[in-house]
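Thanks for making time this morning. Please bring up the chain on the screen, and then I will walk through its fold and its pocket.

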Amino acid sequence: MYKCFYKILILVLGYKLDEGKPNIILINRVMNAVNLWKSINYPRADILMTGGESSNIKGVTEAKIMKKIAQINGVNSNYIYTENKSLTTKENVDFTKKFVEKYHTIYLVTSDGHLKRSYNLLKKRHPNKIVVKYI
């Protein structure tokens, strides 16, 4: 039996916080990533949460909140990475460029209305990567 041992990255794009708290859109994105991580052979998969300070609460970032939600829902913190500076979709892709390069396949987790634009930006930046849309 043939086994593939390449690493998978689940890239989760952030969403604006409401007074430092996640809204249902952000929670859904994280839960989709958690369920995906659990459904694949997760020792091969890492999760990268992206998003900076999008509310008026200093030091609270989308990525930090997303990581907490994932941990509460059973994802081992050893598999979760964060990018805490981006405030736009373009910055999500730009600020994760070096990290993404380490992976063979990227599952892009976002919302339906955001998927086409973010997918196109990611494919433009990483044309040789397998990018899978996941909502």
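**Sheet, crossovers and pocket**

Let me begin with V109, whose bridge partner in strand 5 is Y134. Between these strands, the chain goes from strand 4 through helix 5 to strand 5, a β-α-β crossover that is right-handed, in the sense that, with the strands pointing away from the viewer, the path from the first strand over the helix to the second runs clockwise. Before going further, I should say that this is a predicted model, in which local features need pLDDT of at least 70 and side-chain atom pairs count only at pLDDT 80 or more, while totals for chains, interfaces and linings use all residues. Residues are numbered from 1 along each chain as its sequence is written, and side-chain values use heavy atoms, with hydrogens and water left out.

Helices (H or I, at least four residues) and strands (E, at least two) are DSSP runs, numbered from the N terminus, and two strands pair if DSSP finds at least two bridges between them. Strand 4, residues 105-109, is joined to strand 5 by 5 bridges, and the two run parallel; I106 stands opposite V131 in strand 5.

How are the strands of the open sheet ordered? The order of its 5 strands is 3-2-1-4-5, with parallel pairing. Strand 3 (80-83) and strand 5 (130-134) stand at the edges with a single partner strand each, so one side of each is left without a neighbour in the sheet. On average, neighbouring strands are turned by 25 degrees against each other, direction ignored.

On the other half of our tour, strand 2 and strand 3 run parallel and are joined by 4 bridges, with T50 having E83 in strand 3 as its bridge partner. Strand 2, helix 2 and strand 3 make a right-handed β-α-β unit.

Finally, the pocket, which is an open set of points on a 1 Å grid over the protein atoms alone, where a 1.4 Å probe fits, with protein on both sides within 12 Å along at least five of seven lines; lining residues have an atom within 4 Å of a point. The largest pocket has a volume of about 190 Å³, a volume being the space filled by probe spheres set on the points, which are joined across faces, edges and corners. Among the 14 residues that line the largest pocket, G14, Y15, K16, E62 and L87 are the closest to its centre.

Conventions. Axes are lines fitted to C-alpha atoms, for helices over the stretch in contact, and angles run from 0 to 180 degrees between N-to-C directions.
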